Structure formats: C-alpha cells, structure tokens
Amino acid sequence: MGAGGRMSVPPASKNSDRHVLRRMPHSKPPFTLGQIKKAIPPHCFNRSILRSFSYVVYDLLIASLFYYLATTYIHRLPPPLSALAWTLYWICQGCVLTGVWVVAHECGHHAFSDYQWLDDTVGLVLHSALLVPYFSWKYSHRRHHSNTASLDRDEVFVPKLKSKIGWYAKYLNNPPGRILTVLLTLIIGWPLYLMFNVSGRDYDRFACHYDPYGPIYSDRERLQIFLSDVGLIAATYGLYHLATLKGLYWVLCVYGVPLLIVNGFLVLITWLQHTHPALPHYDLSEWDWLRGALSTMDRDYGILNRVFHNITDTHVAHHLFSTMPHYHAMEATKAIRPILGEYYQSDGTLVLKAVWREAKECIYVEADESEQGKGVFWYKNKL
C-alpha cells in the first residue's frame with residue numbers, strides 16, 4: 001500500500017535486510033489517532049510521581065557507584081589496567097547518564113508527573129547537570145514532534161534534497177568519508193546542533209538554542225530560555241570550581257568523557273530513529289501529523305534498551321503519545337502494533353551494521369521518478 005504494497009517487518013525477520021528495507025506505506029492510514037489510543041490500556045497514560053522518581057534515584061545511585069569505584073580504586077591500578085578501567089568506567093557511566101538524560105527528556109514532554117512545575121524543575125536540574133539547555137531543547141523538541149518528517153518544518157535531522165547537498169558530499173561518499181562523517185557527527189553533532197542548529201530546520205536568520213531572541217522561540221518562551229542559560233552557567237561554574245579543587249584532568253576523566261558518550265548516544269539514537277531507507281519524508285503539499293509521527297523507526301539496542309528506559313525500541317509509540325510515561329511504552333507498543341500493521345516500523349539490525357548502512361544509503365531525499373510532484377521523498381545515495 002502506498003509504496004507498491006511493500007512494508008517493513010518486526011525484528012523477527014532481521015536476518016534479511018531485504019525485509020527491513022522495504023518502504024513503509026505513505027498513503028493516509030485507514031485508522032485514526034483515536035482508534036490507536038483505544039487499543040492501549042488506559043492505565044498506560046497514568047503518570048506516577050513515585051515510580052518516575054524511582055528511575056531518577058536508581059540511575060543516580062548507579063552513577064554514584066561507578067563514580068565511587070573509579071575515584072577510589074582506579075588510581076591504585078598499574079598503568080595498563082588503569083587505562084582499561086577508565087575505559088570501562090567511561091562507557092558504563094556514559095550509558096547510565098544517558099538514562100538520566102532520557103528521564104529529563106520525559107520531563108520535557110510532561111510525562112514525568114501530573115504537575116508541570118515538578119516536571120520542569122526535575123528536567124531543568126538533570127539536563128543542566130548534563131549541560132543541556134532544558135527549556136531551549138524542550139521547545140525545539142516539541143516542535144520536532146509536531147512536525148516529524150516534514151521537510152519544511154521538522155526541527156532535527158532534516159534530510160536535504162539532492163539539489164541542496166554540499167559539493168563535498170561526493171568526496172565523502174566512500175568508506176573513509178563515511179567513517180569520518182559518522183565520527184564527527186557522534187562527537188560534535190550535539191553541540192553543533194545546539195549552537196548553530198546544524199541538521200535542523202532552515203530559518204531566515206541565525207538560529208541558536210542559547211539565544212532567547214532567536215527564531216526558534218516565541219515571545220512567551222524567551223524568559224524560560226534565559227532560565228535554561230542560567231542553569232548551564234550554574235553547572236559550568238560548578239565544573240570550574242571542581243577543576244580548581246581536583247584539577248582539569250580529574251574533571252575530564254570523571255565527567256567530561258562520560259558526557260561525550262552521552263552526547264554521542266543521544267545523536268546516534270535520534271539519527272537512527274529518523275533515518276532509514278524505509279521511511280518517507282513529505283513536503284507541505286502531502287504532510288500530515290499522523291503520517292509524520294508514524295515515519296519513525298523502533299530500533300533494538302539489546303541490553304541498552306533497558307538502560308535507556310526503552311526510548312530506543314518504543315519510539316513509534318512515543319511519537320504518537322509523547323506524554324505517556326516510558327515505563328508504559330512497551331505495553332503500549334505491543335497493543336498498537338496490530339492496529340498499525342504495515343505502518344509500524346521496527347528494525348532489529350545490529351546497531352553498528354545499521355549505522356554503516358544508513359551512512360551509505362541515506363545521503364539525501366528525492367521523489368521517485370514515477371511520483372514527481374506528489375510530495376513524498378525517499379532516502380537515496382546516487383551522486
């Protein structure tokens with residue numbers, strides 16, 4: 001349907017790329033958002049302060065345990081073992097702090113509790129501690145959810161038309177170029193997005209998440225953008241104070257490298273959720289909210305699905321009902337799959353393999369020759 005009847009299948013068929021690469025339908029679905037919601041048990045929409053805080057406490061306890069082990073024992077190890085121990089600490093702490101990031105993301109969606117002030121307080125503290133401008137990102141991310149898969153109005157990982165890709169693209173369309181592109185994207189993609197709106201929507205003037213008067217935000221949002229900046233200044237001052245006490249090297253080892261891993265996972269997760277040969281994008285002539293929300297991909301990160309609070313493998317349900325707490329999303333996903341049918345997209349390809357495939361296959365978007373002018377665009381790679 002919509003794409004010659006081709007569809008993706010769930011991870012059970014992940015042994016064959018030809019299944020997961022089949023395009024999802026792009027015609028208007030034969031169901032409504034209300035019908036999808038009716039399929040979900042009502043309790044899945046209930047937010048519990050106690051349960052939500054249990055994830056905050058659990059994540060922070062694990063992060064504190066890793067911090068204690070690293071600062072107490074690693075310096076006692078001989079150089080070869082200490083280097084290995086620091087590497088293990090960085091990876092484990094980065095994964096746990098990504099879970100903390102996800103909880104703050106829940107706050108930004110008003111999925112943490114029934115109280116907006118509590119959500120914003122928790123989100124501001126947690127995101128500021130990870131050097132994320134909470135309100136700034138909250139509002140741009142909300143617009144991403146309102147305009148998913150729109151080439152004109154989406155806010156993040158907006159693909160370029162073939163006519164608009166840079167001259168350098170053909171020189172990067174090879175294995176070394178792809179490796180370089182992926183590494184740069186994972187290492188500096190997040191700060192570039194916050195500072196310069198790289199990979200975001202085109203605005204008619206400079207757009208920056210730290211600028212309260214930038215084009216991303218409305219007049220009624222500007223005061224909260226200032227508050228985000230204050231949170232970042234406070235967090236930065238705390239890190240500066242730690243560096244004067246413990247030394248810059250200590251801060252980089254204990255906090256800096258894990259933060260780089262958090263940022264890398266954030267970019268990786270978001271990129272893979274919205275970049276896939278099976279997913280369509282739409283221009284204004286064809287886009288509507290429901291088809292845009294469905295143009296997302298659930299991915300399988302193995303054990304990290306739980307560490308990341310299932311933001312990875314329940315992303316379709318999250319885009320449909322973003323105020324639903326993450327701890328109900330697995331149950332909701334199971335409930336909506338029979339309703340969505342061909343419109344549910346899930347890819348169980350190993351993450352590293354998926355990264356390489358998407359870096360190779362998803363360079364720009366273009367309408368098929370047989371569908372020129374119909375407003376539906378697909379990822380392609382022929383330069």
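**Close-up views of cavities, cores and annotated spans**

**Figure 1. The lining of the largest cavity in the predicted model.** The residues that line this cavity fall into six nonpolar, six polar and one charged. The lining has 13 residues, and those nearest the centre of the cavity are Glu 106, Thr 314, His 318, His 326 and Ala 329. Two helices, helix 4 (79-108) and helix 13 (315-320), each provide at least two lining residues. Helix 4 gives the most, with three residues. The volume of the largest cavity is about 80 Å³. In the whole structure, the search finds two cavities of 30 Å³ or more.

**Figure 2. The second largest cavity and its lining residues.** This cavity has a volume of about 30 Å³. Its lining consists of Ser 52, Val 103, Glu 106, Ala 111, Phe 112, His 326 and Tyr 327. By type, these residues divide into four nonpolar, two polar and one charged. Glu 106 and His 326 also belong to the residues nearest the centre of the largest cavity.

**Figure 3. The second largest pocket, with a volume of about 470 Å³.** Among the 19 residues lining this pocket, Gln 93, Leu 97, Ala 129, Val 254 and Tyr 255 are the closest to its centre. Helix 3, helix 4, helix 5, helix 9 and helix 10 each contribute at least two residues to the lining. The lining divides into 17 nonpolar residues, two polar residues and no charged residues.

**Figure 4. The largest nonpolar core, a set of 53 residues.** Trp 101, Trp 190, Leu 268, Tyr 301 and Phe 308 have the most contacts inside this core. Two or more core residues come from each of helix 3 (49-73), helix 4, helix 5 (116-129), helix 6 (134-146), helix 8 (175-196), helix 9 (222-246), helix 10 (248-274) and helix 15 (351-361). Helix 10 gives the most to the core, with 11 residues.

**Figure 5. The surroundings of Trp 101, and a second core.** When residues up to four places away in sequence are not counted, Trp 101 touches His 127, Leu 130, Val 132, Trp 137, Trp 190, Val 262 and Leu 266. Trp 190, one of these partners, is listed with Trp 101 among the residues that have the most contacts inside the largest nonpolar core. A second core, separate from the largest one, has 21 residues. Leu 279, Leu 294, Met 324 and Tyr 343 are included in this second core.

**Figure 6. Two domains annotated in UniProt.** An unreviewed UniProt entry places the feature "domain: Fatty acid desaturase N-terminal" at residues 25-62. Over residues 25-62, the chain is 53% helix and 0% strand, with the end C-alpha atoms 42 Å apart. The unreviewed entry also places the feature "domain: Fatty acid desaturase" at residues 85-346. Over residues 85-346, the chain is 60% helix and 2% strand, and 35 Å separates the end C-alpha atoms.

**Figure 7. Spans annotated as transmembrane regions in UniProt.** In the unreviewed entry, the annotation "transmembrane region" covers residues 55-74, 86-105, 177-196 and 249-272. The span of residues 86-105 is 100% helix and 0% strand, and its end C-alpha atoms lie 28 Å apart. Residues 249-272 are likewise 100% helix and 0% strand, with end C-alpha atoms 33 Å apart.

Notes
Residues are numbered from 1 along each chain as its sequence is written. This is a predicted model: local features need pLDDT of at least 70, side-chain atom pairs count only at pLDDT 80 or more; totals for chains, interfaces and linings use all residues. Side-chain values use heavy atoms; hydrogens and water are left out. On a 1 Å grid over the protein atoms alone, a cavity is a set of points where a 1.4 Å probe fits but cannot get out, and a pocket is an open set with protein on both sides within 12 Å along at least five of seven lines; lining residues have an atom within 4 Å of a point. Grid points are joined across faces, edges and corners, and a volume is the space filled by probe spheres set on the points. Helices (H or I, at least four residues) and strands (E, at least two) are DSSP runs, numbered from the N terminus. Ala, Val, Leu, Ile, Met, Phe, Trp, Tyr, Cys and Pro count as nonpolar, Asp, Glu, Lys and Arg as charged, and the others, Gly among them, as polar. UniProt positions are given in the numbering used here, feature names are shortened, and annotations may be inferred rather than shown by experiment. A nonpolar core is a set of buried Ala, Val, Leu, Ile, Met, Phe, Trp, Tyr and Cys residues joined through side-chain atoms within 4.5 Å. Buried means under 20% relative accessible area, exposed over 50%, partly exposed in between (1.4 Å probe, protein chains only). Contact means heavy atoms within 4.5 Å.
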